Number of protein chains: 2
Amino acid sequence: MMKIRIVATLVLTYSVTFGSMAIAQTTDPLPSWNDGKAKESIVEFVAKVTKEGSADFVPPAERIATFDNDGTLWSEQPMYFQLLFALDRVKVLASQHPEWTDKEPFASLLRGDVKAALEGGEHAILEIVMATHAGNTTEEFRKIVQDWLATAKHPVTERPYTEMVYRPMLELLAFLRANGFKTFIVSGGGIEFMRPWTEKIYGIPPEQVIGSSIKTKFEMRDGLPVLVRLPELDFFDDKEGKPVAINQYIGRQPIAAFGNSDGDLQMLQWTCAGKRLSFCLYVRHTDAEREWAYDRKSSIGRLDKGIGEAQANGWTVVDMKQDWKVVYPSDKQ
Amino acid sequence: MMKIRIVATLVLTYSVTFGSMAIAQTTDPLPSWNDGKAKESIVEFVAKVTKEGSADFVPPAERIATFDNDGTLWSEQPMYFQLLFALDRVKVLASQHPEWTDKEPFASLLRGDVKAALEGGEHAILEIVMATHAGNTTEEFRKIVQDWLATAKHPVTERPYTEMVYRPMLELLAFLRANGFKTFIVSGGGIEFMRPWTEKIYGIPPEQVIGSSIKTKFEMRDGLPVLVRLPELDFFDDKEGKPVAINQYIGRQPIAAFGNSDGDLQMLQWTCAGKRLSFCLYVRHTDAEREWAYDRKSSIGRLDKGIGEAQANGWTVVDMKQDWKVVYPSDKQ
């Protein structure tokens, strides 16, 4: 019953042109999205900017779309997945660091008391990240991330982390790319934590992944060059840092931006202040049953100021519970 | 006579596949290159990495090629063009800076004594760059660069700077892209000095331009977000900085790299140490008549250590005088 209605209402047509050959498609490009304002606004925006000859037309080279990662493309609860990776690394590395048994935040972590470990706030997190992310080469770190993702399971869902990506957002990425958009990740997460898997999971190649980073140093080892990861923050890609990084890496203003928290606010402001027709969207976590429900008071992925800004500016707000038929790719529709 | 020989010897075939339709081309993709080892080595490398099923085949996503800019894609004598831009900016801005009449390096510059101004070395250059490149928004700076390029003429050739790009290298860029390569600039020059024009001149979009940068700051001005350029160096993209920047921006090792100076050496080492079949090339400035001749002793674009490294590693070395039929696009063949 549900399915029939969907097929009937979604006979929308988009076309991709190769040379002189136009292929018309009448299938729904966003089948995991329920009908409603959010879905309509996306489809309408894409139709407008791709319509040649119209006032809103944007040339393909300028169709830049930026996506936050944690909470926008995959889940981020009960804490950022990269932090869960770091906690696992602390356990692996503990035998090389006997001093950790008496030293916070490591001592608490090794006793299994994550809450106590994180009481040191940002400083504690930075210490954990530097101890677990630096000191190796870029090649070694890539392999550590890949190996971890191949076996690690989420503490609540018991699924591999890369299966906790949002199916509606995967469809949105593909829909935008089919319409000439170049899709980028602009995340507060570590750039080298994401790059080993974003191409396979999201179809986003490493050179379109922007994130926080630590410094690296070029060295010759036995006649071969390596890049060594240093325990020193290079760039924190959050809040005001996001437009700064977009300018640094991409060099032009996006025309579409997607986020879920106040950390994405400046990216959305920067994107929707451009001269072109633009599109800004917030994903709201409203689904305690299929995912998590949190916003103004969450320490992870807080969305507070952004709610008012979205209303004031007419940005699209996705209500996960209402707007998404499924959350994860393996969920049953 | 010359032309007949060229046409006869260059019946090489490459194919581009769109869907199931293969287009065979028998035209020479590098018509401004004389036959010889340099040209052969390029064509052979591209044939190998694009041959499906062969051991050397590289999937398109990994066909990353990085190019230095100054001295590799356009000229850099009698000094870097960006420095000539900065000197012009000093004159424009002088009326707002009465203190410059007594302050080096500005005082010498305003007297027309560039040599004396640059006697302060790197420190003097940095002062000139900060005084002329910072203090505006990214949007304002883009316009300043565009306006300057539209009218400025090179002091020796009296040509617009964007006409002093190397025609053989434009062909090389196009040839690589036609074979599935993604072409990047990795330059010691300023990232925001290059981005306003590289797409039009080289076909390289801003997001594939990497360079030195100053810091920027996000600000709301009258309710609209801007990025303000600060007089503070963010990253110097030269020597060891080039592989660091390649990793930071692109996130994977290139399989081809092109440079002309010792400043490009680490980029070439990094590229040609990868596991894939790779290609490294130095352009040597040997043509005092059509361009400039300089290498081991030049303060601009010094190529000294790189010569020995190229020999030891079997990298391709282009002799401009011998290998290039023409230098600039408007030159007569």
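In this predicted model, the domain assignment splits chain A into domain 1 (33–77 + 164–323) and domain 2 (81–151). Measured out over C-alpha atoms, the centres of domain 1 of chain A and domain 2 of chain A sit 26 Å apart. Where the two touch, each puts in 14 residues. On the domain 1 side of chain A, strand S4 (182–190), H9, S5 and S6 each chip in at least two residues, and S6(A) has the largest share, with six. That side of domain 1 of chain A is made up of nine nonpolar, three polar and two charged residues.

Turning to the chain pair, 29 residues of chain A are in contact with 29 residues of chain B. The elements of chain A that bring two or more residues to this side are helix H9 (191–202), strand S5 (209–221), strand S6 (224–235), helix H10 (241–249) and helix H11 (265–271). H10(A) gives the most, five residues. Sorted by class, the side of chain A that touches chain B holds 15 nonpolar, nine polar and five charged residues.

As for symmetry, a turn of 180 degrees with a shift of 0.0 Å along the axis lays chain A on chain B, with an RMSD of 0.0 Å. The two copies are thus related as by a two-fold rotation axis. Among the residues of chain A, A:Tyr249 comes closest to that axis, with its C-alpha at 3.3 Å. The copies meet through the same surface, because 100% of the interface residues of chain A are also interface residues in chain B.

Key. Residues numbered from 1 in each chain as written. Chains lettered and ligands numbered in written order. Predicted model: local features only at pLDDT ≥ 70, side-chain atom pairs only at ≥ 80, totals over all residues. Contact = placed C-beta atoms within 7 Å. Helix = DSSP H or I, 4+ residues; strand = E, 2+ residues; numbered from the N terminus. Nonpolar A, V, L, I, M, F, W, Y, C, P; charged D, E, K, R; others polar. Least-squares fit on C-alpha atoms with pLDDT ≥ 70 in both. Domains from an automatic or database assignment.
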